[in-house]
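Grab a coffee and load the structure in your viewer. Here are some short exercises to try, each with a worked solution underneath.

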Amino acid sequence: MLLAIDCGNTNTVFSIWDGTEFIATWRTSTEWQRTADQYYVWLSTLMRFQEIDAVIDEVIISSTVPRVVWNLRVFADRYYNCRPLVVGKADCLLPADPRVDEGTQVGPDRLVNAAGAFDRHGGNLIVVDFGTATTFDVVAEDGAYVGGVIAPGVNLSLEALHSAAAALPHVDITKPQAVIGTNTVACMQSGVFWGYIGLVREICARIKAERGVPMQVISTGGLAPLFQQSEPLFNAFEDDLTIHGLTVIHKYNKDNA
Ligand SMILES: Nc1ncnc2c1ncn2[C@@H]1O[C@H](COP(=O)(O)OP(=O)(O)O)[C@@H](O)[C@H]1O
Ligand SMILES: CC(C)(COP(=O)(O)O)[C@@H](O)C(=O)NCCC(=O)O
Ligand SMILES: [K+]
């Protein structure tokens, strides 16, 4: 079975794909110091706990943190006796090649999002991924990633306020009841939440105008649910988009080996 690993700057998701469905998914924080042995102790314990006796013999990795890839490679090799496919490396084929400026190292998560979203929705898409950063990935008619937008993440924006201003506390994001905050926390949450609604609406409108074709907007990432419920900004919300994209890329590489 396939183990798909999606490593973001904050969290790393491990998912077991049996060829038809994901039989289990677990999340851990991303720490580049974590060793292959630590990954195995963690994963095998969870598998035993949930009575999953899957035999993992293939691994695919997408990582926005280059430093973690080495330990994940050792983990795949030592415990599953396989050479993992790493998105963004030369030997990992993509269903459609990205069309970006020469020399650009596109985040592998964005290439994977494009592949996953194209598989489910066809072309002409904007994928909005609310992770550590908020990324907009533009997918062309043929499924190619053709660029996008990188904005500071929701939590990052709140953290920036806290770390730069002595009187602003650490605050968790939530949807405020009103725009006008009557205390410091509410003011900060309003600035980030409603600011984000405006950011998403404006950027999507401008992308659509620039492309000149009707486009669907798909949301994903840890904080997507917060915005999904709020305003009619998105055509779909898919919390498993990146991990789904990994299975699409894995299959493409097997079929074209
Ligand atoms: N269920 C959740 N509720 C609140 N915050 C979350 C949740 N899941 C993730 N987050 C936060 O959302 C942000 C993005 O998470 P994630 O999509 O996992 O990021 P990345 O892919 O960049 O690692 C992080 O700051 C994380 O702490
Ligand atoms: C923009 C990102 C930091 C987003 O990462 P994430 O929020 O998923 O951790 C990542 O896709 C990245 O490092 N990109 C490289 C630059 C680029 O995509 O053009
Ligand atoms: K992201």
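The exercises below walk through the ligand sites and a few individual residues of this predicted model.

**Exercise 1. Find which residues surround ligand 1, and pick out polar contacts to its oxygen atoms.**

Solution. Step one is to list the neighbours. Ligand 1 has Gly8, Asn9, Thr10 and Asn11 around it, along with Arg27, Phe130, Gly131, Thr132, Asn155, Gly221, Gly222 and Leu223.

Step two is to look for polar contacts, where the cut-off is 3.5 Å between N or O atoms. The side chain of Arg27 offers an N or O atom 3.0 Å from an oxygen atom of ligand 1. Asn155 also uses a polar side-chain atom, at 2.7 Å from an oxygen atom of the ligand. Gly222 makes its contact through a backbone N or O atom, 2.8 Å from an oxygen atom of ligand 1.

**Exercise 2. Now do the job for ligand 2: how many residues surround it, and which are the closest?**

Solution. Start with the count: 13 residues surround ligand 2. The closest are Asn9, Gly107, Asp109, Arg110 and Ala133.

Next, check polar contacts for some of these. Asn9 has a side-chain N or O atom 2.8 Å from an oxygen atom of ligand 2. For Gly107, a backbone N or O atom sits 2.8 Å from a ligand oxygen. Arg110 reaches a ligand 2 oxygen with a polar side-chain atom, at 2.9 Å.

Finally, compare the lists. Asn9 turns up around ligand 1, and it is also among the closest residues to ligand 2.

**Exercise 3. Work out which protein atoms are donors to the potassium ion, and whether their residues are buried or partly exposed.**

Solution. First, the donors: the potassium ion (ligand 3) has the O atom of Ala133 and the OG1 atom of Thr135, 3.1 to 3.2 Å away.

Then look at accessibility. Ala133 has a relative accessible area of 29%, so it is partly exposed. Thr135 comes in at 8%, so it counts as buried. The cut-off used here is that buried means under 20%.

To link this to the previous exercise, recall that Ala133 is also one of the closest residues to ligand 2.

**Exercise 4. Take the UniProt "binding site" annotation and decide whether its residues gather at one spot or are spread out.**

Solution. Begin with the record. The unreviewed UniProt entry annotates Gly107, Pro108, Asp109, Arg110 and Thr184 as "binding site". These residues span 78 positions in sequence, and the farthest two C-alpha atoms are 37.6 Å apart, so they do not all gather at one spot. From this set, Gly107, Asp109 and Arg110 are in the lining of the largest pocket.

Now zoom in on two of them. Gly107 is in the loop between β5 (85–86) and α3 (108–121), and its 21% relative accessibility makes it partly exposed. Asp109 belongs to helix α3 and is buried at 14%. Leaving out neighbours within four places in sequence, Asp109 contacts Ser62, Thr64 and Thr242.

**Exercise 5. Asn81 and Asn124 have positive phi values; say where each one is and whether it is buried or exposed.**

Solution. Start with the background: most residues other than glycine have a negative phi. That's the reason to give these two a second look.

Asn81 has a phi of about 55 degrees and is in the loop between α2 (69–80) and β5. With a relative accessible area of 69%, Asn81 is exposed.

Asn124 has a phi near 60 degrees, and its loop runs between α3 and β6 (125–130). Asn124 is buried, at 13% relative accessibility.

**Exercise 6. Place Arg201 and Leu156 in their helices and give the C-alpha distance from each to its listed partner, Pro232 or Gly131.**

Solution. Take Arg201 to begin with. Its helix is α5 (residues 184–211), and at 43% relative accessibility Arg201 is partly exposed. Pro232 is 31 residues away in sequence, with 9.5 Å between the C-alpha atoms. Not counting residues up to four places away in sequence, Arg201 touches Glu231 and Leu233.

Leu156 sits in helix α4 (residues 154–164) and is partly exposed at 45%. Gly131 is 25 residues from Leu156 in sequence, and their C-alpha atoms are 9.6 Å apart. Gly131 should look familiar: it is one of the residues around ligand 1.

Definitions and conventions: Residues are numbered from 1 along each chain as its sequence is written. Chains are lettered from A and ligands numbered from 1 in the order in which they are written. This is a predicted model: local features need pLDDT of at least 70, side-chain atom pairs count only at pLDDT 80 or more; totals for chains, interfaces and linings use all residues. Side-chain values use heavy atoms; hydrogens and water are left out. Donors are N, O and S atoms within 2.8 Å of the metal (3.2 Å for Na, K and Ca); water is not among the atoms, so sites may look incomplete. Buried means under 20% relative accessible area, exposed over 50%, partly exposed in between (1.4 Å probe, protein chains only). UniProt positions are given in the numbering used here, feature names are shortened, and annotations may be inferred rather than shown by experiment. On a 1 Å grid over the protein atoms alone, a cavity is a set of points where a 1.4 Å probe fits but cannot get out, and a pocket is an open set with protein on both sides within 12 Å along at least five of seven lines; lining residues have an atom within 4 Å of a point. Helices (H or I, at least four residues) and strands (E, at least two) are DSSP runs, numbered from the N terminus. Contact means heavy atoms within 4.5 Å. A residue is near a molecule or strand if one of its heavy atoms lies within 4 Å of it. A polar contact is a pair of N or O atoms within 3.5 Å; within protein, one must be able to donate a hydrogen and the other to accept it, and residues adjacent in sequence count only if both atoms are side-chain atoms.
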